[in-house]
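Hi everyone, thanks for making time for this. I'd like to walk you through a structure that may be new to you, so let's put it up on the screen.

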Amino acid sequence: MSKLFERPGKLIPLDLSFKGARGYLHGTDMVDALSTLAPGLTDISLRILKIAEKPLAAVLTSGEEAAPPQAAAILRAWFKGEKISIALVESNSDLPPGRYEYNEDVVVRQASVDPERRIAQMPWNDQYSSIEQIVTLNKSLLMRCFAASGVQWYFSRLDVPRFPPVFGNLSLSVTQALGTSLVRSGIAFDGNPFGNIYFSGVKQ
């Protein structure tokens, strides 16, 4: 059993680094860390509440408990018939996270995007995780669909039945847009729906 479940209420440090040139910890790395720390979750809903610039730690709470004020993200899900919440909180450490290279163009080099139909698709890229491919493809899709908006896109929410698995083909389609403040895209793996991802556009 994961030490997260062995020690409810205790902070479990996450080894996360800045992605590429970003000065904040990315949601894709949060998802990948949580999928390792808490495998087997179902009916997952992750909300990224703020930009995290300091190291993060995960803490298990009850399913209905409000997110701590210092939380950068909150994940709510079911585990063995029980509703749980996992908050990702920033530490007080002055030690900045590390950094690693990340080239978004390489992630989506085989992607096709149709901005008129608001859809995008790509085959599996074994150099990257499922969530990295979903997020990067969705960013590419939104940048084409809302090219005139001039916003910076941020991954802000994920609602999926379980952590994203390996797929043959990924397809995304914009299904709802509240201007650029919140845009929902439907996820499908090999033609089968697999929840939704949300992005928020922020004016620069």
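Let's start with a trio: Lys 19, Asp 29 and Glu 132 are joined in a network of salt bridges. Please keep in mind that this is a predicted model. For anyone new to the idea, side chains of opposite charge can pair when their charged atoms come close.

How many salt bridges does the structure hold? There are six. I'll take you through some of them.

In the pair made by Glu 132 and Lys 19, the closest N and O atoms are 2.8 Å apart. Now look at where the two partners sit. Glu 132 belongs to helix H4, while Lys 19 belongs to strand S2, residues 18-19, so this salt bridge ties together parts that are 113 residues apart in sequence. Are these two residues buried or exposed? Both Glu 132 and Lys 19 are buried.

Staying with charged pairs, Lys 139 and Glu 104 also meet through their side chains in a salt bridge, at 3.3 Å from N to O. Here Lys 139 is in helix H4 and Glu 104 is in helix H3, residues 104-107, so the pair links parts that lie 35 residues apart in sequence. Lys 139 has a relative accessible area of 15%, so it counts as buried, the cut-off being under 20%. Glu 104 has a relative accessible area of 23%, and that makes it partly exposed.

One more pair for you: the side chains of Arg 157 and Asp 159 form a salt bridge, with 2.9 Å from N to O. Arg 157 is partly exposed, at 22% relative accessible area, whereas Asp 159 is buried, at 18%.

Now let's turn from charges to empty space. Rolling a probe the size of a water molecule over the atoms shows where empty space is left. The largest pocket holds about 300 Å³ of space. Which residues come closest to its centre? Out of 26 lining residues, those are Tyr 24, Ile 48, Tyr 154, Phe 155 and Ser 156. As for the elements that give two or more residues to this lining, they are helix H2 (27-37), helix H4 (130-145), strand S10 (151-160) and strand S13 (192-203). You'll recognise helix H4 there, as Glu 132 lies in it and so does Lys 139.

And what is the lining made of, by class? The largest pocket is lined by 14 nonpolar residues, along with six polar and six charged ones.

That's my tour. Thanks for listening, and I'm happy to chat afterwards!

Key. Residues are numbered from 1 along each chain as its sequence is written. This is a predicted model: local features need pLDDT of at least 70, side-chain atom pairs count only at pLDDT 80 or more; totals for chains, interfaces and linings use all residues. Side-chain values use heavy atoms; hydrogens and water are left out. On a 1 Å grid over the protein atoms alone, a cavity is a set of points where a 1.4 Å probe fits but cannot get out, and a pocket is an open set with protein on both sides within 12 Å along at least five of seven lines; lining residues have an atom within 4 Å of a point. Grid points are joined across faces, edges and corners, and a volume is the space filled by probe spheres set on the points. Helices (H or I, at least four residues) and strands (E, at least two) are DSSP runs, numbered from the N terminus. Ala, Val, Leu, Ile, Met, Phe, Trp, Tyr, Cys and Pro count as nonpolar, Asp, Glu, Lys and Arg as charged, and the others, Gly among them, as polar. A salt bridge is a side-chain nitrogen of Lys or Arg within 4 Å of a carboxyl oxygen of Asp or Glu. Buried means under 20% relative accessible area, exposed over 50%, partly exposed in between (1.4 Å probe, protein chains only).
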